[in-house]
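Thanks for coming. I have one structure to go through today, and I will take confidence, then the contact between chains, then the domains. Please have the model open while I talk.

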Amino acid sequence: MTDSQTSSSPPRPEYKTYGQIVWGQFKKYRLSYYSVYGVLALFVIAMVAPVLAMNVPFYMHIPEGVGPYTQLQGTTSFPWFAALFDQNFFDSGVDIFFNFLLFYVPVSLVGWTLMMRFKKDLTDTARSKARLRFIGIASLVGIVLFSVIYLMAFSQPYVDYASLKELEGARLIFPLIEYSYRDVDLMAVSQGPSLEHFLGTDRQGRDVFTRLIYGTRISLTIGVVAVSIYTAIGLVLGSLAGFFGGRVDNIILRMIEIMMCFPVLFLILTLAGFIEEPSIFHIMLIIGLTGWTGIARLVRGEFLRLRNQDFVQAAIALGFTRARIIFRHVLPNAVQPVFVSATFGVAGAILIEATLSFLGVGPANAPSWGQILTSGRNTQQMTLILSSGFAIFVTISLLNLIGEGLRDATDPKLRK
Amino acid sequence: MSVAPTLLEVRNLKKHFPIKKGLFNRQVGSVKAVDGISFEVNANETVGLVGESGCGKTTAGRSLLRLLEPTDGEVLYKGQDILKMGPAEMRSLRRNLQIIFQDPFSSLNPRMTIESIIGEAITFHKVAQGPEVREMVEGLLERVGLQPSYITRYPHEFSGGQRQRVGIARALALNPDFIVCDEAVSALDVSVQAQVINLLMDLQQEFNLSYLFIAHDLSVVQHISDRIAVMYLGQIAEFAECDELYDNPLHPYTQALLSAIPQPNPRRRAQRIILKGDVPSPMNPPSGCRFHTRCPACFAPCKTVEPRTVEPTPGHKVRCHLYDPEFAPNDPDIWARLPRQPEAPVTVTGDEGDAPAKRDASSDAAPDGTDGVASTEAAETAEPAATSTVEEAGAERSDVSSDNASAESAEADSAAKSNA
């Protein structure tokens, strides 16, 4: 077959899959297209945060008989790498996850490039298929690896590396900024911007710039995970309502209506009030459990439209099971508006988290942007308010721009 | 055909759609889309199902495959009632009963390649596994006249006719006995229509298929069908062998329908029967005979008594009081109002007025067999040879004008026939 295509028949016009058409359209919305790179940059910042700011040295040499830590005397070590997976140092799974990605993403990228070196003569469609498969396998392996690392619960005793720096004959190489996002320094409380602390410190003397960088992790995670939770709930309930109709549809619609009766923010505030010490996972869960109504209605509408399409009737006539019809035939055609809605949803979730933190019911210890904002309000420091506000503004704008571009790109009436 | 065993028998099939209103979804009525139809399809036979828009053709086709759950009735496939089957049993039986849809643009999943569209059923029903599936799909594509190399493509890369061929290949994938062609060619342009119809007829020979061919295009139905059922408002008005129905339509509705076939010969002016009024609402069908509101030969019992299905000549069933010995009117005026006189009226007695002349005229045209002219002037039927094999119909509306489209389609149709 490939022979006949290459030799005898004229080259067939390259047809595009739906995804390629949407991507081609999306590229024409320049602002949205560049916003993708903006969000990628945010993601990279979140990933490389420990390289930028951490109070653990990359390299450490301490001569014999010096310093308070006897076990470190006369050793050369690389404590930074061990600290990345130290659950005593990073107490949240989110940080461990991003630290893991810091190694895993480059390794996967190198693996992909090498694979492409060996298989140069691939067509475009074959390459995109291989890429999809690679991403699937890589993320599966990644999830397994991360679970193993996380469940090993590696931890080591706390070492004050900053104090070792002052020792005679000790050589330590630190990251760019030598602070951690959670180490309290009572000697430097509520300082303004300086060369030591670019954006000053908060009331506990924590470096705000470091917290801002690590806050990227919190915001992105909350946005993505909360939206994943409510998209999953909305997809399942919307599919059931739309496909089966009748009583199922009635019950789910009433559930949606009841949920929509409550103002979402007050519902979230009430739910958050029940939790004594909310962590970011609680916040994600609360946002996820309250936000699914929009997606559910969207999916239900798509299912109602698609259920009577002939290709679904043909699938029934071919004797396929209901599960197969829902997941193979209807759902892939119904998810397209969900993507758009989810992109806006990520921005919304980030904003809700900032609001909650600002109102004092957010994750108390996490370095989230909302927390910085509220501490700025408490201490009346402009730098805190402006910096965290700017970070929130940029992230929300980028995500909304992507969402708008995606919405226009998937709408055939707005084709450019 | 008469010796062939009955493959599928439909008995008194009903599909009523409930109309619900109010706070508690009270049922306030129902749309009787299909209201008690009975017919049978023999092995290797094509039964045509024609009728106006909204008369329940499509609903009938879909509910006998249980794509819509029928309200009542029986559908016997090789003696088994498929309406009483459980889900698992039904799923395996579906291999034998397939459907081809009208709209080739919505009948293929836009997110699947041609290979998975056609091959999915093969793997699902474990007809074949692995690389065999691909070979089978390529073979099917070749059989329906597409290049086997198309299997990696997506539906949007094809034209309407090609998509319809893919739809046919999908229906054939499980090697069925019976296919419902739900307006399978109506959405295609006429030259492609002819190709697809010829393909369907070839496939029927090759795979021993039976079709229920639902259409509103009378010439297409005449070309492909062995027997034809004419539907009106959810009921079958007339059911007969193809030639018999076209030559000797009994039911006034059938006569009106056939008279609407446009004539390609401008010198031959057919007398067109224009039915008055609209199709009554199936929510609230007229009492008695459903056609009585528009029937030119309506008489007393039509308005009150529902007609029975009678068989004036063997194999020719008609649901009309005119042919029912119990009601058949003796009044010649009523028979004279009938647009076209039947060749062998069953119980007509007494003075026949000017009817014989017209009957002669139509029987002149009849021996030709393919001439579907409803009612013609005697002088003009003397020269039917020129266009005898060409007809085109647009009986969707009863007042079709012979515009450009139908003239084109007539040419294409005749071209297709000469090819065949």
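I start with a weak spot: over residues 1-8 of chain A the pLDDT stays under 50, and for that stretch the model has six contacts beyond four places in sequence. This is a predicted model, so I will go through the confidence values before anything else. Helix 1 of chain A, residues 2-6, has the lowest mean pLDDT among the elements of chain A, at 42. At the other end is helix 3 of chain A, residues 30-52, with the highest mean, 94. For chain A as a whole the mean pLDDT is 87, and 95% of its residues reach 70 or more.

Chain B averages a pLDDT of 78, with 80% of the residues scoring at least 70. Residues 347-420 of chain B have a pLDDT below 50, and this stretch has 114 contacts in the model beyond near neighbours in sequence. For the complex, the predictor gives an ipTM of 0.75 and a pTM of 0.78.

Now the contact between the two chains. How many residues of each chain are in contact? On chain B there are 32, and they touch 25 residues of chain A. As background, interface size is often quoted as the accessible area lost when the parts come together. Here the area buried between chain B and chain A is about 2,600 Å², and carbon and sulfur atoms give 55% of that. On the chain B side, the residues that lose the most area to chain A are Arg111(B), Glu120(B) and Phe124(B), which together make up 23% of what that side buries.

On to the polar terms. The rule finds three salt bridges across the interface of chain B and chain A. One pair that meets in a salt bridge is Asp310(A) and Arg62(B), through their side chains, at 3.1 Å from N to O. There are also eleven residue pairs in polar contact across this interface, both residues being at pLDDT 80 or more. Which elements of chain B each supply at least two residues of the side that touches chain A? They are strand 6, residues 97-100, and helix 3, residues 114-124. Helix 3 of chain B gives the most, with four residues. By class, the side of chain B that touches chain A has eleven nonpolar, eleven polar and ten charged residues.

Next, the inside of chain B. The domain assignment gives domain 1, made of 6-21 + 29-96 + 176-336, and domain 2, which is 111-172. The centres of these two domains of chain B, taken over C-alpha atoms, are separated by 32 Å. Their contact takes 16 residues from domain 1 of chain B and twelve residues from domain 2 of chain B.

The area buried between domain 1 and domain 2 of chain B is about 1,200 Å², with 70% of it from carbon and sulfur atoms. Of what domain 1 of chain B buries against domain 2, Arg95(B), Leu199(B) and Leu203(B) supply 34%, more than any other three residues.

Between these two domains of chain B the count is one salt bridge. Arg143(B) forms a salt bridge with Glu206(B), with the closest N and O atoms 2.4 Å apart. The count of residue pairs in polar contact between the domains is three, both residues at pLDDT 80 or more. On the domain 1 side, helix 6 of chain B, residues 190-207, gives the largest share of what touches domain 2, nine residues. By class, that side has eleven nonpolar, one polar and four charged residues.

Last, the salt bridges overall. The structure holds 28 of them over all chains. One example is Glu302(A) with Arg305(A), where the closest N and O atoms are 2.8 Å apart. Both residues lie in helix 12 of chain A, residues 292-307, and Glu302(A) and Arg305(A) are three residues apart, about one turn of the helix.

Methods:
Residues numbered from 1 in each chain as written. Chains lettered and ligands numbered in written order. Heavy atoms only, no water. Contact = heavy atoms within 4.5 Å. Buried area = accessible area lost by both parts, 1.4 Å probe. Salt bridge = Lys/Arg side-chain N within 4 Å of Asp/Glu carboxyl O. Polar contact = N/O pair within 3.5 Å; in protein donor to acceptor, adjacent residues only side chain to side chain. Nonpolar A, V, L, I, M, F, W, Y, C, P; charged D, E, K, R; others polar. pLDDT = per-residue confidence, 0-100. Domains from an automatic or database assignment.
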